[in-house]
Amino acid sequence: MSSSLVVCEVDESLKEKLKKFRFRKETNNAAILMKIDMVKQLVILEEEYEDISLDDLRNELPERQPRFIVYSYKYIHTDGRVSYPLCFIFSSPVGCKPEQQMMYAGSKNQLVSAAELTKVFETRNIDDLSEEWLINKLSFFR
């Protein structure tokens with residue numbers, strides 16, 4: 001499958017929001033939750049969250065629908081340093097409609113590129129979304 005395949009465009013106002021989010025100064029965990037408008041075939045903002053844990057964010061996700069998440073995480077390294085990685089999380093739970101899954105999967109690379117992110121993670125089980133899961137994923141980016 002070609003990585004240049006574009007199934008859905010990214011809403012222009014969402015691109016702006018992602019750019020601002022990238023340069024935010026706050027030091028709390030925050031998230032931008034995005035979905036696809038199936039009619040317009042457009043990736044749009046669903047919700048923004050400030051000071052939210054992954055556990056709380058997991059509770060905001062629909063059980064059987066895919067979602068894109070950009071998550072700013074306060075990461076405390078083992079040596080005490082603090083960093084704020086921006087993580088792109090593609091949640092595509094088992095049980096989604098196949099056409100939804102295909103639209104999201106086909107739009108993921110376009111969105112990652114628009115958001116200029118490198119820490120890209122995927123989960124098929126929203127119960128996996130926890131701080132422990134994220135720390136484990138981030139351990140590869142030392």
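**Sheet, helices and an aromatic cluster in a predicted model**

D51 is exposed, with a relative accessible area of 60% (exposed means over 50%, buried under 20%, and partly exposed in between, with a 1.4 Å probe and protein chains only). The structure is a predicted model, in which local features need pLDDT of at least 70 and side-chain atom pairs count only at pLDDT 80 or more, while totals for chains, interfaces and linings use all residues. Residues are numbered from 1 along each chain as its sequence is written, and side-chain values use heavy atoms, with hydrogens and water left out.

D51 sits in the loop between β3 and α2 (helices are DSSP runs of H or I with at least four residues, strands are runs of E with at least two, and both are numbered from the N terminus). Its backbone is a bit unusual: D51 is not a glycine, yet has a positive phi of about 50°. Most residues other than glycine have a negative phi. E116, also not a glycine, has a positive phi of about 55°, and E116 is found in the loop between α3 and β8.

Now to the sheet. Six strands make up an open sheet, with mixed pairing and the order β1-β3-β2-β4-β7-β8 (two strands pair if DSSP finds at least two bridges between them). At the edges are β1 (9-10) and β8, each of which pairs on one side only. Strands of a sheet pair through backbone hydrogen bonds, either parallel or antiparallel.

Strand β4 has pairing partners on either side in the strand order, β2 and β7. With β2 (residues 30-37), β4 pairs in the antiparallel sense over five bridges; here A30 stands opposite S72 and A31 stands opposite Y71. With β7, β4 pairs in the antiparallel sense over six bridges, and S72 turns up again, this time opposite L86.

How many of the residues of β4 are buried? Six of its six are, so the strand is mostly covered. R67, I69 and Y71 point one way from the strand, F68, V70 and S72 point the other way, and all are buried.

Two helices lie across much of this sheet. Helix α1 (residues 12-22) lies across β1, β2, β3 (42-50), β4 and β7, and runs at about 165° to β2. Contact here means heavy atoms within 4.5 Å; axes are lines fitted to C-alpha atoms, for helices over the stretch in contact, and angles run from 0 to 180 degrees between N-to-C directions. Helix α3 (residues 98-115) lies across β1, β2, β3, β4, β7 and β8, running at about 170° to β7.

Helix α4 (residues 131-138) has W133, L134 and L138 as its buried residues. Seen down the axis of α4, these fall within an arc of 130°, so they line one face of the helix (the arc is that of the directions from the helix axis to the C-beta atoms). Among the elements covering them are α2 (54-60), β4 (67-72), β5 (75-76), β7 (86-91) and β8 (119-123).

The aromatic side chains come next. There are six aromatic pairs in the structure (rings of Phe, Tyr and Trp, the last by its six-membered ring, pair if their centres lie within 6.5 Å; planes under 30 degrees apart count as stacked, over 60 as edge-to-face and the rest as tilted). In one of them, F68 and F90 have ring centres 5.4 Å apart and planes at 35°, so the pair is tilted. F68 lies in strand β4 and F90 in strand β7, so this pair ties together parts that are 22 residues apart in sequence. F68 is buried, with a relative accessible area of 0%, and F90 is buried at 4%. The rings of F68 and Y104 have their centres 5.0 Å apart and their planes at 40°, so that pair is tilted too. With F68 in strand β4 and Y104 in helix α3, the pair ties together parts that are 36 residues apart in sequence. Y104 is buried, at a relative accessible area of 1%. Ring pairs link F68, F88, F90 and Y104 into a cluster.

Last, the cysteines. A search of the whole structure finds zero disulfides (a disulfide is a pair of cysteine sulfur atoms within 2.5 Å). Why is C8 not bonded to C96? The sulfur of C96 is the closest cysteine sulfur to that of C8, but the two are 14 Å apart, too far for a bond. C8 counts as buried, at 0% relative accessibility, and C87 counts as buried at 0% as well.
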